[in-house]
Amino acid sequence: MAEAQSQKEYFPINSLVDVVRARRRGLEMAQALGFPLAEATKIAVVISELGRNIERYVGQGSITVTAHSEDEKYILIVAQDNGAGIPDVDRAMAGGYSTSGGLGLGLSGSKRLMDKFDIKSITGVGTTIKTVKWLR
Ligand SMILES: Nc1ncnc2c1ncn2[C@@H]1O[C@H](COP(=O)(O)OP(=O)(O)O)[C@@H](O)[C@H]1O
Ligand SMILES: [Mg+2]
């Protein structure tokens with residue numbers, strides 16, 4: 001039996017409409033890979049949080065969603081922007097820190113919903129977040 005091909009979709013993020021589109025498609029991709037709705041919804045929430053951060057704090061960037069379905073199955077989300085960067089990543093990841101009067105739970109909550117969460121942010125260069133959830 002032939003295995004399904006891995007699938008990669010690129011979503012430019014320039015507006016909240018783009019975030020909604022990425023979130024909806026990410027939910028479909030996760031479900032198609034085999035995630036039950038509750039788990040696929042966590043992936044959709046993370047796409048939404050990272051996308052909203054790009055929209056709010058930078059204005060433009062991208063989200064790439066990969067549904068890997070070969071030796072192992074997982075969803076990889078890569079959120080990338082060339083914005084101002086996050087000066088204190090440790091503080092932002094600890095939660096409760098917001099420069100916009102928000103709850104400051106988008107990044108810390110996203111990390112909790114996923115299995116692996118890598119963030120690289122360089123002041124004046126931008127932010128790249130790579131996060132994975134494995135299908136078990
Ligand atoms: N892509 C980004 N570029 C620059 N700063 C960001 C980005 N994402 C998050 N931040 C910073 O990290 C803080 C925490 O983000 P988050 O946990 O999503 O909480 P919130 O969006 O509610 O403030 C934001 O207030 C902002 O200062
Ligand atoms: Mg946020």
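A residue is called buried if 20 or more other C-beta atoms lie within 10 Å of its own, exposed if 12 or fewer do, and partly exposed in between, with C-beta atoms placed from the backbone. This tour uses that definition at several stops.

The model shown is predicted: local features need pLDDT of at least 70, side-chain atom pairs count only at pLDDT 80 or more, and totals for chains, interfaces and linings use all residues. Residues are numbered from 1 along each chain as its sequence is written, while chains are lettered from A and ligands numbered from 1 in the order in which they are written.

**Stop 1: the whole chain**

Select the protein chain and colour it by secondary structure. Four helices and five strands should appear; helices (H or I, at least four residues) and strands (E, at least two) are DSSP runs, numbered from the N terminus. Along the sequence, these elements follow the pattern β-α-α-β-β-α-α-β-β. The radius of gyration, taken over C-alpha atoms, is 15 Å, close to the 14 Å that the globule rule gives for 136 residues, so the chain is as compact as a globular protein of that length. The globule rule itself is 2.2 Å times the number of residues to the power 0.38. Along the principal axes, the C-alpha atoms fill a box of roughly 50 × 25 × 20 Å. Of the 136 residues, 29% are buried.

Two residues are in contact if their C-beta atoms, placed from the backbone, lie within 7 Å. Among contacts between residues at least 6 apart in sequence, 60% join residues at least 24 apart.

**Stop 2: the sheet**

Next, select the five strands. They form an open sheet in the order E1-E2-E3-E5-E4, with antiparallel pairing. Strand E1 (7–13) and strand E4 (116–122) stand at the edges with a single partner strand each, so one side of each is left without a neighbour in the sheet. From one strand to the next, the twist averages 10 degrees. Strands of a sheet pair through backbone hydrogen bonds, either parallel or antiparallel. Here, two strands count as paired if DSSP finds at least two bridges between them.

**Stop 3: from E2 across to E4**

Select strand E2 (residues 61–69) and strand E3 (residues 73–81), which run antiparallel and are joined by eight bridges. A hairpin of three residues links E2 to E3. Within this pair, Ser-69 stands opposite Lys-73, and Ala-67 stands opposite Ile-75.

Add E5, which pairs with E3 in the antiparallel sense over eight bridges. Tyr-74 stands opposite Trp-134 in E5, and Leu-76 stands opposite Val-132 in E5. Strand E5 (residues 126–134) has a covered face made of Thr-127, Ile-129, Thr-131 and Lys-133. Its uncovered face holds Gly-126, Thr-128, Lys-130, Val-132 and Trp-134.

Then add E4, which runs antiparallel to E5 and is joined to it by seven bridges. Ile-122 has Gly-126 in E5 as its bridge partner. E4 and E5 form a hairpin with three residues between them, and Gly-124 in the turn has a positive phi of about 80 degrees.

**Stop 4: a helix and two isoleucines**

Display helix H1 (residues 16–33), which lies across E1, E2 and E3 and runs at about 165 degrees to E1. Axes are lines fitted to C-alpha atoms, for helices over the stretch in contact, and angles run from 0 to 180 degrees between N-to-C directions.

Now select Ile-54, found in helix H2. Is Ile-54 buried or exposed? It counts as buried, because 26 C-beta neighbours lie inside 10 Å. Not counting residues up to four places away in sequence, Ile-54 touches Ile-13, Gly-61, Ala-79 and Asp-81.

Move to Ile-119 in strand E4. With 19 other C-beta atoms within 10 Å, Ile-119 is partly exposed. Leaving aside neighbours within four places in sequence, Ile-119 is in contact with Val-89, Met-93 and Ile-129. Asp-90 is 29 residues from Ile-119 in sequence and 9.9 Å from it in space, C-alpha to C-alpha.

**Stop 5: ligand 1**

Finally, select ligand 1 and the residues around it; a residue is near a molecule or strand if its C-beta atom, placed from the backbone, lies within 6 Å of it. Of the 23 residues around ligand 1, Asn-53, Ser-98, Thr-99, Gly-102 and Gly-106 come nearest. Helix H2 (37–58) and helix H4 (106–113) are the elements that give two or more residues to this shell, and H2 gives the most, with five. By class, the shell has 10 nonpolar, 11 polar and two charged residues. In this count, Ala, Val, Leu, Ile, Met, Phe, Trp, Tyr, Cys and Pro are nonpolar, Asp, Glu, Lys and Arg are charged, and the others, Gly among them, are polar.
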